[in-house]
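Hi,

Here is the structure I promised to pass on to you. Have a look at it first, and then read on for what turned up.

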Amino acid sequence: MRKPWLLIVAGIILLILIGLWLYLFFGGDDAREDLYNAFGLQGDELPFGIEDIFGNDSATTSVPYLRQLSFRQVIGYVPFSTSSTSNPYVYFAEAGTGHVYKVDAVTGNEERLSNITIPTATRAVFSPNGQYVAVVPNDSRTITVVTLPNGTSTVTSATIETRVADISFTTENVLVYTERNSLNTVGFSYNPTNEERATIFTIPFREAVVAFGETVNGPHYTYPKPAEELEGYVYEVSSDVFRRLPISGFGLSMQASATWIVYAKIENNQPKTFLFNKTNGDLSALDIPLYPEKCASHVETFVCGVTSESQTLSSWYQGEATLNDSLWYFVPEVNYSFFIEDISAIANTSIDMLYPRVRSGALYFINKTTNSLWVYDRDFTSPVIDN
Amino acid sequence: MRPLLIGIVLSTTPWFALAQFETSGFIDNTTTVVLDPAFPSPETDFTATINDYGADGFGATIEWYFNGTKLDWATNRRSIELTAPRAGESSEIQAVLSSSGGALQRVSQTITPLYLDIIIEPQTHTPNFYKGRALPTPDSTINATALISNPNPLKGEYLYTWRFNNTVIQGGPLRNINRVSFTMSQDSFPVLSVTVSKLNGTIIARRSITIPNTTPQVFFYEVSTLYGLKPIALKSPFELISNSNTMRVVPYNLDSEVYNNPNVVTWEIDGEPVSPGNNPYEITLEKTGSGAQVEVGFRVQSTTKFLQGARGSLSLNIL
């Protein structure tokens, strides 16, 4: 008599368990949540921030406007716009390998485009059309120009033997770079389509920084490497021009747009920032000291990473100082500027902005602290109002 | 008859006029307009001063003109401040002195400001990733380049006379050589000057700068087989997690010759000397235990240039 009762009870328990399994398997998230709630097993809510975009248990379905796009270390990138059928995406090169990836700026999905390895890859620049990437290793003795696959074509590469200093691509998708010899700095162009190389200018000093213009013919701008203890001067340079601009000072560095040059220097032992109008020669001062390397031009305005910490330029370049940036917006035409947001505080991590670029209203940049690629996808042309 | 003859003789003797010190209509060539600085840079302020060594200007009214326009605010001032024009543009400064006797003196000075840039390039060490300029240190080699422009580079031949702490470099003016090398002195702010003149000796620009002296400084960095030299300076205490770690020391601003051929390079771990590898500035640390703290010390020194040396240390927590 006992044995049948035991079998019946066991059978009922078994049926209950099977039913539970079926309920969980086909019932979806709501079912899991109901069950967890019933047993007091509330899942942890994820903080609103960078983990959301990759997390499966996201507490929110919205995409954070400040987000890290990849966990790989990035040495160069180029963002692309959205279309009606696709999200914005970014091509980037990975540090150490030089491999090239494409990342969806909304979903974070990655796809490798090139597995050509450049050992100790340290710097990379992309052509605006995304067809080429130039990668420089740690010793700066070569440039490897990789042609990325397009349709059915495969990845190819070519190597230039050179002691490269500065490097960029023009809007014509031509590589421009400088090489230092014992006395001078020489600018070259390299057309990846026909592998033709040409000399485009010579600068009569060696320790030159070049801010390349949009085309091979320039104008480009050059100045001696900055040092707070030594004076620098800005020159406009192209194939037939080497012209001094009325910009000079100690610790001098600059960034240019089509109309404006924003430059920083030390004046009366204080860092100061200025705007120079290339069209009419007008000069104005900004109230906010900043490093021009942290500025991206956007039409005729600038969006910049600005730190409140007082660090010397040399300590930042040496990697001794890490800066925590906030975003500022500058409208040179009317000498107007405003604070946007403290992105380091929002991300709850140190953001030391480098290589910022604006594309389709979004600001992309590399965080120097971790070499990670980020996007700030919010209207930065208006101040953020806290409600 | 005799008085008439005496009167004629007296009235026609010129030395009587000189003896009376009458200056009516007499022009004094010792009056000049002096500029400070003597060769102002474009669009910078400078001072124009009347220098009259003779007594002729004593008590005279002074009127100033700038490019022909009278400066009412500057009347009777012996020294005024003006702004130089843009590079390559000329401006005339004129002072008109009117004596009480009605004599006029006009003295003028024309300035054509030029940019005379002196670019200092110390031949001292910095790593590839460092975006700043190397700094001078005592006994290091300095390259200096003078660029003169209006604002385009001047064409033609010029003489460059370089002085470092009042010693003429290479002994005299250099024809068309706008670049020199010299050894940095040991004082804190030595002076470098360059004078640019035409081949006939006419000076067209002159500039003096002070060059700050610094000392070499040591920073420690990690070297990765994947990434190469990582551009983040290590700070004490550095947590050693991996079993093996390669570090490189960068002695910023050490003279490049000393960096390439150091006389003395020493590494120490807790005071005990250790040998680096093929690169005297790199050391690979292998972990043999955990839970300890060690001090890694480094020193580089030249035995001929005694101020060319640097030392530093890094504390490691071995986890």
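Before anything else, one term: a residue counts as buried when its relative accessible area is under 20%, as exposed when that area is over 50%, and as partly exposed in between. Keep in mind as well that this is a predicted model.

With that cut-off, A:Asp352 is buried, because its relative accessible area is 1%. Its partner, A:Lys294, is buried too, with a relative accessible area of 1%. What do the two side chains do? A:Lys294 and A:Asp352 meet in a salt bridge, 2.5 Å from N to O. A:Lys294 sits in the loop between β20 (283-286) and β21 (295-298) of chain A, and A:Asp352 in the loop between α3 (343-347) and β25 (353-359) of chain A, so this pair ties together parts that are 58 residues apart in sequence.

On to the other salt bridges. How many salt bridges does the structure hold over all chains? The count is 18. Another one joins A:Lys225 to A:Glu207, with 3.3 Å between the closest N and O atoms. A:Lys225 belongs to the loop between β15 (220-224) and β16 (231-237) of chain A, while A:Glu207 belongs to the loop between β13 (196-203) and β14 (208-211) of chain A, so parts 18 residues apart in sequence are tied together. Both A:Lys225 and A:Glu207 are buried.

Then there is A:Glu341 with A:Arg378, where the closest N and O atoms are 3.0 Å apart. This salt bridge links distant parts of the chain: A:Glu341 is in strand β24 (residues 336-341) of chain A, and A:Arg378 is in the segment after β27 (372-376) of chain A, 37 residues apart. Is each partner buried or partly exposed? A:Glu341 is buried, as its relative accessible area is 10%, whereas A:Arg378 is partly exposed at 30%. You can also look for A:Arg72, A:Glu94 and A:Glu110, which are linked in a network of salt bridges.

Now for chain B. The largest nonpolar core has 27 residues, and B:Ile120, B:Trp162, B:Phe182 and B:Ile211 are among those with the most contacts inside it. Elements that give two or more residues to this core include β8 (115-122), β9 (141-149) and β10 (159-164) of chain B. The largest share, four residues, comes from β9(B). If you click on B:Ile211 and leave aside its neighbours within four places in sequence, you will find contacts that include B:Ile120, B:Phe164, B:Phe182 and B:Leu192. A second, separate core has 22 residues, including B:Leu240 and B:Met247.

Last, the place where the chains meet. Chain B puts 39 residues into the contact and chain A puts in 38 residues. Together they bury about 3300 Å², 52% of it on carbon and sulfur atoms. On the chain B side, B:Lys131, B:Arg133 and B:Tyr227 lose the most area to chain A, together 22% of what that side buries. Two salt bridges cross this interface. A:Glu231 and B:Arg207 form a salt bridge between their side chains, 2.7 Å from N to O. There are also 21 residue pairs in polar contact across the interface. Which element gives the most to the side of chain B that touches chain A? That is β8(B), with seven residues. The residues of that side divide into 22 nonpolar, eight polar and nine charged.

Have fun looking around!

Terms used:
Residues numbered from 1 in each chain as written. Chains lettered and ligands numbered in written order. Predicted model: local features only at pLDDT ≥ 70, side-chain atom pairs only at ≥ 80, totals over all residues. Heavy atoms only, no water. Core = buried A, V, L, I, M, F, W, Y, C linked by side-chain atoms within 4.5 Å. Buried < 20%, exposed > 50% of the residue type's maximum accessible area, 1.4 Å probe, protein only. Contact = heavy atoms within 4.5 Å. Salt bridge = Lys/Arg side-chain N within 4 Å of Asp/Glu carboxyl O. Buried area = accessible area lost by both parts, 1.4 Å probe. Polar contact = N/O pair within 3.5 Å; in protein donor to acceptor, adjacent residues only side chain to side chain. Nonpolar A, V, L, I, M, F, W, Y, C, P; charged D, E, K, R; others polar.
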